[in-house]
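These are my notebook entries on a structure that was new to me. I looked up how its parts meet and where its charged side chains pair.

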There are 2 protein chains.
Amino acid sequence: MSDRLDWNDLRERRMTEPGAAETYEATRIAFELGQEVRHLREGHGWSQSQLARAAGMTQSAVARFEAGGTVPTLPVLERLARALDRRLDVRFTPNADAA
Amino acid sequence: MSDRLDWNDLRERRMTEPGAAETYEATRIAFELGQEVRHLREGHGWSQSQLARAAGMTQSAVARFEAGGTVPTLPVLERLARALDRRLDVRFTPNADAA
DNA sequence: TACTGCCATAGCATCGATGCTATGCGGTCG
DNA sequence: CGACCGCATAGCATCGATGCTATGGCAGTA
């Protein structure tokens with residue numbers, strides 16, 4: 001677990017780098033999206049391979065994305081959303097710090 | 001307008017390529033986000049250079065993004081959102097096609 | 001007219017995401 | 001046990017976004 005340099009390591013490293021609050025956020029968002037997709041996929045009773053085919057990508061790409069291995073791009077998110085019968089929604093919401 | 005190969009041309013070309021519905025969508029989202037950022041920026045009374053500095057990028061990058069010249073990545077959107085005092089929100093919403 | 005600020009673009013280097021094939025590993029089933 | 005399925009990863013090629021500098025045009029304005 002410690003001499004291996006895998007996606008989890010990479011992600012953690014990215015999220016602990018100093019002064020990278022934005023990258024941290026993006027990485028966190030990517031991770032959460034990955035979890036959500038996994039959830040949706042399992043809800044459909046699909047395997048990674050099936051989702052991959054439906055989204056026009058390969059099983060490895062799906063696995064990488066679900067694991068939060070990379071910060072996905074909008075085109076990829078779009079394709080996944082379509083395959084999962086969802087709509088991709090990207091917006092700037094007012095920063096409700098007013099709490 | 002016709003012998004120049006600029007971002008508008010590129011974008012239009014991308015959006016009219018056959019069988020690229022997902023890329024079309026992503027490009028459209030990118031374009032709308034660009035417009036929204038421009039709107040927000042002007043609301044703050046900032047120039048592209050000022051926003052660029054606040055978001056840790058250059059004026060040219062801001063211009064390119066606002067013009068929809070490229071499909072932005074999540075880290076970039078995050079930084080812009082922060083600079084504009086907004087929260088970046090990415091989600092898969094239920095596709096209300098059920099009509 | 002000269003100067004200055006703002007925006008649009010070009011051109012290029014670099015970094016990182018994606019696409020791909022090939023494995024490895026743990027179950028399950030025959 | 002052997003075949004198969006599902007998931008995780010490695011390694012590599014390629015494409016595309018970003019970062020940068022340098023311009024050019026366009027309004028104001030002195």
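**Entry 1: the paired strands**

I began with one residue and found that A:Phe92 stands opposite B:Leu88 in strand 1 of chain B. I note at once that the model is a predicted one. I then looked up the strands themselves: strand 1 of chain A, residues 86–94, is joined to strand 1 of chain B by nine bridges. The two strands run antiparallel.

**Entry 2: B:Phe92**

I turned next to B:Phe92, which has its place in strand 1 of chain B. Is B:Phe92 buried or exposed? Its relative accessible area is 6%, and I therefore record B:Phe92 as buried, the limit being under 20%.

I also asked which residues B:Phe92 is in contact with, leaving aside its neighbours within four places in sequence. The list consists of A:Leu33, A:Glu36, A:Val37, A:Leu40, A:Leu77, A:Ala81, A:Arg86, A:Arg87 and A:Leu88.

**Entry 3: the interface of chain B and chain A**

I looked up the interface as a whole. I found 29 residues of chain B in contact with 29 residues of chain A. Between them the two chains bury about 3,100 Å², and 69% of this lies on carbon and sulfur atoms. In chain B, the residues that lose the most area to chain A are B:Leu74, B:Val90 and B:Phe92. Together they account for 24% of what that side buries.

I then asked which elements of chain B give two or more residues to the side that touches chain A. They are helix 2, helix 5 (74–83) and strand 1 (86–94). By type, the residues of this side divide into 16 nonpolar, two polar and eleven charged.

How many salt bridges are counted between chain B and chain A? I found zero. For polar contact, I recorded four residue pairs across the interface, with both residues at pLDDT 80 or more.

**Entry 4: salt bridges**

I looked up the total next, and the count over all chains is 14 salt bridges. As background, I note that side chains of opposite charge can pair when their charged atoms come close.

In chain A, I found a salt bridge between the side chains of A:Arg28 and A:Glu25, at 2.8 Å from N to O. These two residues are three apart in helix 2 (residues 21–44) of chain A, so about one helical turn separates them. A:Arg28 counts as partly exposed because its relative accessibility is 24%, whereas A:Glu25, at 15%, counts as buried.

In chain B, I found a salt bridge between B:Glu25 and B:Arg28, with their closest N and O atoms 2.7 Å apart. Both residues lie in helix 2 (residues 21–44) of chain B, three residues apart, or about one turn of the helix. B:Glu25 has a relative accessibility of 16% and counts as buried. B:Arg28, at 24%, counts as partly exposed.

I looked up one further pair in chain B, B:Arg87 and B:Asp89, whose side chains meet in a salt bridge at 3.8 Å from N to O. B:Arg87 is partly exposed, with a relative accessible area of 42%, while B:Asp89 is buried, with 12%.

**Entry 5: a network**

My last search was for salt bridges that share partners. I found that such bridges join A:Glu25, A:Arg28 and A:Glu32 into one network.

Terms used. Residues are numbered from 1 along each chain as its sequence is written. Chains are lettered from A and ligands numbered from 1 in the order in which they are written. This is a predicted model: local features need pLDDT of at least 70, side-chain atom pairs count only at pLDDT 80 or more; totals for chains, interfaces and linings use all residues. Side-chain values use heavy atoms; hydrogens and water are left out. A salt bridge is a side-chain nitrogen of Lys or Arg within 4 Å of a carboxyl oxygen of Asp or Glu. Helices (H or I, at least four residues) and strands (E, at least two) are DSSP runs, numbered from the N terminus. Buried means under 20% relative accessible area, exposed over 50%, partly exposed in between (1.4 Å probe, protein chains only). Contact means heavy atoms within 4.5 Å. Buried area is the accessible area (1.4 Å probe) that two parts lose on being put together, summed over both. A polar contact is a pair of N or O atoms within 3.5 Å; within protein, one must be able to donate a hydrogen and the other to accept it, and residues adjacent in sequence count only if both atoms are side-chain atoms. Ala, Val, Leu, Ile, Met, Phe, Trp, Tyr, Cys and Pro count as nonpolar, Asp, Glu, Lys and Arg as charged, and the others, Gly among them, as polar. Two strands pair if DSSP finds at least two bridges between them.
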